[in-house]
Amino acid sequence: MDLRSQIDIERLPQHIAIIMDGNGRWAKEHNMPRVFGHKNGVKAVREATEAAAEIGIKYLTLYAFSTENWKRPKYEVGALMKLLVDTLDNEVKTLNKNNIRLQAIGDLERLPGRTLKALKEGIESTKNNDRMTLVLALNYSAKWEIVEATRKIAQKVKSGSMNPEDIDQHIFSKSLSTSGIPDPELLIRTSGENRLSNFLLWQMAYAELCFMSVYWPDFDKNKLFEAILDYQSRERRFGKTSEQLKS
Ligand code: IPE
Ligand code: IPE
Ligand code: MG
């Protein structure tokens, strides 16, 4: 039986987050430069996005560039930023055709001008689409985001529009860049690395973590379905006992 038909549509995660990893190692295996891996990763982005939308996922967040990734060789960073512009230019039409809305999280103002422009145009042109929201995490890091949220809240307290006692988890969540987006129930990381690399630390407090050995350029629809099936095989207890969930 194919994987897709085994998925229980009634128990889908609303939000899936993906750390797209392994482009460099994939390129190396093919005796090609790292940037060749990034270029081939675009096809996997398309596959993941289409599979998620087809099955009825409401939010898909892709970690495309971390704050730490600026430390890579200048040439690679430049190629990634250019690839982003080209991909946005080419793919926004398809997003509109598939009724998918584009959003972005991260310290976007520090992106190169052309990348930011292409991103803003993509966000604007897809803003009325409502089948699925595709969130790109760009120049993103969870610690940066948490500090930013704290700063926003501190400003409100300083100006007198909020009392320290009013600060709760709800207010804090609303101050993050993911405000309005439900927390991801499922995190997928490809390439066999078992770490979070500063991604959505607050939001993933209760996410199911699915680490897959496939390198990102080889990720496809079936890999997404495989991860969803793995998610559906787990018992999400949220602190309760297994017996409590069954009663
Ligand atoms: C993920 O692949 C893409 C980005 C971080 C932009 P990598 O480039 O990290 O690939 P590996 O981990 O070196 O194989
Ligand atoms: C995480 O991948 C960031 C993205 C996928 C954009 P990295 O490959 O940069 O992570 P580390 O440095 O190996 O943890
Ligand atoms: Mg990597």
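Two strands count as paired if DSSP finds at least two bridges between them. With that in mind, welcome to a tour of this structure, which is a predicted model.

## The sheet

Strand 2 and strand 4 (residues 132–140) clear that bar, with 7 bridges joining them in a parallel run. One place to look is Tyr63, which stands opposite Ala137 in strand 4. On the way through the model you will also meet the pairing of strand 2 with strand 1, parallel again and made through 5 bridges. Strand 1 is joined in turn to strand 5 by 4 bridges, and these two strands run parallel as well.

Put together, the strands make an open sheet of 6 with the order 3-4-2-1-5-6 and parallel pairing. Strand 3 (100–105) and strand 6 are the edge strands, each pairing on one side only. Direction ignored, neighbouring strands of this sheet are turned by 20° against each other on average. As background, strands of a sheet pair through backbone hydrogen bonds, either parallel or antiparallel.

## A covered strand

Strand 1 (residues 15–19) is worth a closer look, as 5 of its 5 residues are buried. Its two faces are both covered: Ile16 and Ile18 are buried on one side, and His15, Ala17 and Ile19 are buried on the other.

Ile18 is a handy landmark here. This residue stands opposite Leu62 in strand 2, and its bridge partner in strand 5 is Ile188.

## Helices on the sheet and beside each other

Helix 3 (residues 34–55) packs on the sheet, where it touches strand 1, strand 2, strand 3 and strand 4. The direction of helix 3 makes about 160° with that of strand 2. Helix 5 packs on the sheet too, touching strand 3 and strand 4, and its direction makes about 140° with that of strand 3.

Helix 5 (residues 113–125) also has a helix for company: its axis and that of helix 4 (residues 74–97) come within 9 Å and cross at roughly 10°. Because angles under 35 degrees count as roughly parallel, helix 4 is roughly parallel to helix 5. In their contact, helix 4 brings Met81, Leu84, Val85, Leu88, Asp89, Val92 and Asn96, while helix 5 brings Arg114, Thr115, Ala118, Leu119, Gly122 and Ser125. Sorted by class, that contact has 7 nonpolar, 4 polar and 2 charged residues.

## Aromatic pairs

The structure holds 8 aromatic pairs. In one of them, the ring centres of Tyr63 and Phe199 are 4.1 Å apart and the planes meet at 10°, so this pair is stacked. Tyr63 sits in strand 2 (residues 59–66), whereas Phe199 belongs to the loop between strand 5 (186–189) and strand 6 (208–211), so the pair ties together parts that are 136 residues apart in sequence. Are these two residues buried or exposed? Tyr63 is buried, at 6% relative accessibility, and Phe199 is buried with a relative accessible area of 0%. Tyr63 and Phe199 also form one aromatic cluster with Tyr140.

Another pair is made by Phe172 and Trp202, with ring centres 4.6 Å apart and planes at 35°, so this pair is tilted. Phe172 lies in helix 7 (residues 169–175) and Trp202 in the loop between strand 5 and strand 6, so far along the chain that the pair links distant parts, 30 residues apart. Phe172 is buried, with a relative accessible area of 13%, while Trp202 is partly exposed at 28%.

Methods
Residues numbered from 1 in each chain as written. Chains lettered and ligands numbered in written order. Predicted model: local features only at pLDDT ≥ 70, side-chain atom pairs only at ≥ 80, totals over all residues. Heavy atoms only, no water. Phe/Tyr/Trp six-rings, centres within 6.5 Å; stacked < 30°, edge-to-face > 60°. Buried < 20%, exposed > 50% of the residue type's maximum accessible area, 1.4 Å probe, protein only. Axes fitted to C-alpha atoms, helices over the stretch in contact; angles between N-to-C directions. Parallel < 35°, antiparallel > 145°, perpendicular 65-115°, else oblique. Contact = heavy atoms within 4.5 Å. Nonpolar A, V, L, I, M, F, W, Y, C, P; charged D, E, K, R; others polar.
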